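Okay, everyone, thanks for coming. I'll put the structure up on the screen, and then we'll walk through it piece by piece.

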Amino acid sequence: MVSLHPSKDEIKHAKDLLAFIGSCPSPFHAVQTVKEKLISSGYAELKFEDKWTLLPKGKYFVTRNGSALIAFILGKSAPEISGFHILGTHTDSPTFRLKPSPLISVEGKYLKLNVETYGGPILNTWLDRPLGLAGRIVLKGKSAYHPQSVLFQSSSPLLIIPNLAIHMNRKVNEGFALNKQKDLLPLLGMQGEDLKKESVLVNYFSNSLNIIPEDIIDFDLVLYEYENGHIMGLNQEFISSSRLDDLAMVHAGTWALTQTMSNEATSILACFDNEEVGSTSKQGAASPLLASVLERIMLALGKNREEYYQALAQSFMISADMAHALHPNAAEKHDPVNRPVLNEGPVIKLSANLSYTSDAESTAIFHEICKRAKVPTQMFVNRSDERGGSTIGPISTTHLDIRSVDAGNPLLGMHSIRELGGVKDHLAMSQVFKQFFRD
């Protein structure tokens with residue numbers, strides 16, 4: 001019987017994940033954190049506007065919009081011979097995004113922020129929690145077409161979305177629909193002479209970043225839970241944290257790639273943005289981003305269009321996004337046979353309606369990768385009367401003719417502000433990715 005107690009290595013890796021998530025309150029911070037890890041491991045940054053010159057067995061990365069990143073290690077063999085081994089993840093999570101001119105005064109006493117829901121968060125989990133604000137602020141640059149972007153993260157808890165007292169909402173425990181425009185606007189502070197509505201937020205940003213208020217042009221800012229994640233449970237077997245979906249897979253993929261040297265196939269880590277809202281952006285999986293990078297690699301290696309298509313035919317992709325674990329209080333919501341649980345290994349996701357890319361062939365390949373990594377696997381399908389979600393896999397394969405499997409670690413409370421994963425699962429999946437890049 002497998003031990004219920006995580007090993008020291010599993011605990012250490014889970015703690016490293018929590019530190020990673022803590023440094024990634026927004027997709028922009030996630031890309032910056034991954035960049036720093038890659039650079040410290042000898043990766044060189046490429047620019048889309050430059051001509052690419054690639055060295056044999058070279059390690060490179062490129063970013064788009066500051067919120068998506070693709071990294072790769074050139075293989076020993078030509079891509080048309082051994083193909084690309086692609087791991088797809090995403091940097092974004094459900095949250096709330098700050099609207100333009102966001103300050104709202106309430107009777108001249110309170111200041112709150114006007115926000116818009118991003119993706120599909122479980123709304124009530126965001127109430128009564130200390131929240132921060134993070135993302136990028138755009139400043140005047142050298143020209144109108146080249147503004148400057150700087151990262152911003154509030155240095156202390158800044159916001160809260162207060163609940164309505166039960167005395168004023170007696171049916172709250174019977175089910176209450178939260179109105180996204182009315183009930184979910186975060187409180188910023190009290191309004192007074194020293195907190196004037198017109199300038200308070202711009203002054204806060206300029207003071208925090210030590211910049212001139214007049215240089216601030218715009219921003220892409222989101223809310224995030226300020227409290228860090230924790231290792232918990234009777235045997236320290238659970239990971240409780242925000243944004244496990246999908247930063248856990250970003251972290252595992254980054255770790256695996258930085259542990260890998262050049263092998264036969266060209267190894268690729270793709271960290272897309274905007275998965276939670278359909279991926280239809282220049283930095284999303286529905287864009288030409290991945291296809292462009294693959295073609296740029298082939299061109300830099302002196303290959304032609306025919307060899308590019310040969311490379312695609314030799315390639316394989318793991319679309320890595322989290323999976324639903326059997327819920328201890330809602331077991332009836334799951335398929336009667338395929339019921340993945342926490343800490344029993346990665347989950348292969350299947351759907352007859354093709355909301356996942358897994359088929360018999362790609363599933364067999366992933367099983368074999370896991371077997372070589374000495375990691376068990378589990379299977380997930382939705383109940384036949386439940387409509388499940390989707391992910392970047394089907395979107396990516398509509399643009400690229402590549403075999404693909406959808407897999408991820410089991411998770412409870414997906415899209416809650418606080419999700420729950422397994423300590424043992426995280427190192428297990430990281431080892432699977434490492435094996436994938438080594439094959």
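Let's start with a helix: helix 6, residues 289–300, gives the most to the lining of the second largest cavity, with 3 residues. Before I go on, please keep in mind that this is a predicted model.

So what else lines that second largest cavity? The list runs Phe272, Gly284, Ala285, Ser287, Pro288, Leu289, Leu290, Ala291, Ser396, His399 and Leu400. Sorted by class, that lining has 7 nonpolar and 4 polar residues, and no charged ones. The space inside is about 50 Å³.

How many cavities of 30 Å³ or more does the structure hold? There are 2. The largest has a volume of about 60 Å³. Its lining includes Leu17, Ile239, Met322, Leu411, Gly421 and His426. Helix 5, strand 19, strand 20 and helix 10 each put at least two residues into that lining. By class, we get 7 nonpolar, 4 polar and 1 charged.

Some of those elements come back, so let's take them in turn.

Helix 5 covers residues 244–258, and aspartate 246 lies in it. Have a look at the peptide bond from aspartate 245 to aspartate 246: that bond is cis, with omega near 10°.

Next, strands 19 and 20. They belong to an open sheet of 5 strands, in the order 11-12-20-19-15, with mixed pairing. Which strands stand at the edges? Strand 11, residues 230–232, and strand 15 do; each has a single partner strand, so one side of each is left without a neighbour in the sheet. Within the sheet, strand 19 and strand 20, residues 419–422, run antiparallel and are joined by 2 bridges. You can spot leucine 411 standing opposite glycine 421 in strand 20.

Now helix 10, residues 423–438. Does the length add up? With 16 residues at 1.5 Å a residue, helix 10 should span 22 Å, and its end C-alpha atoms are 24 Å apart, which agrees. Helix 10 is mostly covered, too, with 14 of its 16 residues buried.

Let's zoom in on one residue of helix 10, valine 432. Is valine 432 buried or exposed? Its relative accessible area is 0%, so valine 432 counts as buried. Which residues does valine 432 touch, if we skip its neighbours within four places in sequence? Those contacts are Pro346, Phe366, Ile369, Cys370, Ala373 and Val375. And here's a pair to find on screen: valine 432 and isoleucine 81 are 351 residues apart in sequence and 23 Å apart in space, C-alpha to C-alpha.

Over to strand 4, residues 84–90, where 7 of the 7 residues are buried. A quick bit of background: in a regular strand the side chains alternate between the two faces of the sheet. In strand 4, Phe84, Ile86, Gly88 and His90 point one way, while His85, Leu87 and Thr89 point the other way, and all are buried. Who are the partners of strand 4? One is strand 13, residues 266–272, which pairs with strand 4 in the parallel sense over 7 bridges. There, phenylalanine 84 stands opposite threonine 266. Strand 14, residues 316–320, also runs parallel to strand 4, and 4 bridges join the two. In that pairing, histidine 85 stands opposite phenylalanine 316.

Time for the pockets. The largest pocket has a volume of about 730 Å³. Of the 31 residues lining that pocket, His324, Phe380, Asn382, Gly389 and Met414 lie nearest its centre. Strand 15, residues 323–324, and strand 19, residues 410–412, each supply at least two residues of the lining. The class split there is 11 nonpolar, 11 polar and 9 charged.

The second largest pocket comes in at about 610 Å³. It has 20 lining residues, and Ile161, Pro162, Asn163, Leu164 and Asp183 lie nearest the centre. This lining divides into 13 nonpolar, 4 polar and 3 charged.

Last stop, two backbone oddities. Lysine 57 has a positive phi of about 60° although it is not a glycine, and lysine 57 sits in the loop between strand 1 and strand 2. Serine 101, also not a glycine, has a positive phi of about 45°, and serine 101 is in strand 5, residues 95–106. Its relative accessibility is 69%, so serine 101 counts as exposed.

That's it from me. Over to you!

Notes:
Residues numbered from 1 in each chain as written. Predicted model: local features only at pLDDT ≥ 70, side-chain atom pairs only at ≥ 80, totals over all residues. Heavy atoms only, no water. 1 Å grid on protein atoms, 1.4 Å probe; cavity = no way out; pocket = protein on both sides within 12 Å on 5 of 7 lines; lining within 4 Å. Points joined across faces, edges and corners; volume = space filled by probe spheres on them. Helix = DSSP H or I, 4+ residues; strand = E, 2+ residues; numbered from the N terminus. Nonpolar A, V, L, I, M, F, W, Y, C, P; charged D, E, K, R; others polar. Expected span 1.5 Å × (residues − 1). Buried < 20%, exposed > 50% of the residue type's maximum accessible area, 1.4 Å probe, protein only. Pairing = 2+ DSSP bridges. Contact = heavy atoms within 4.5 Å.
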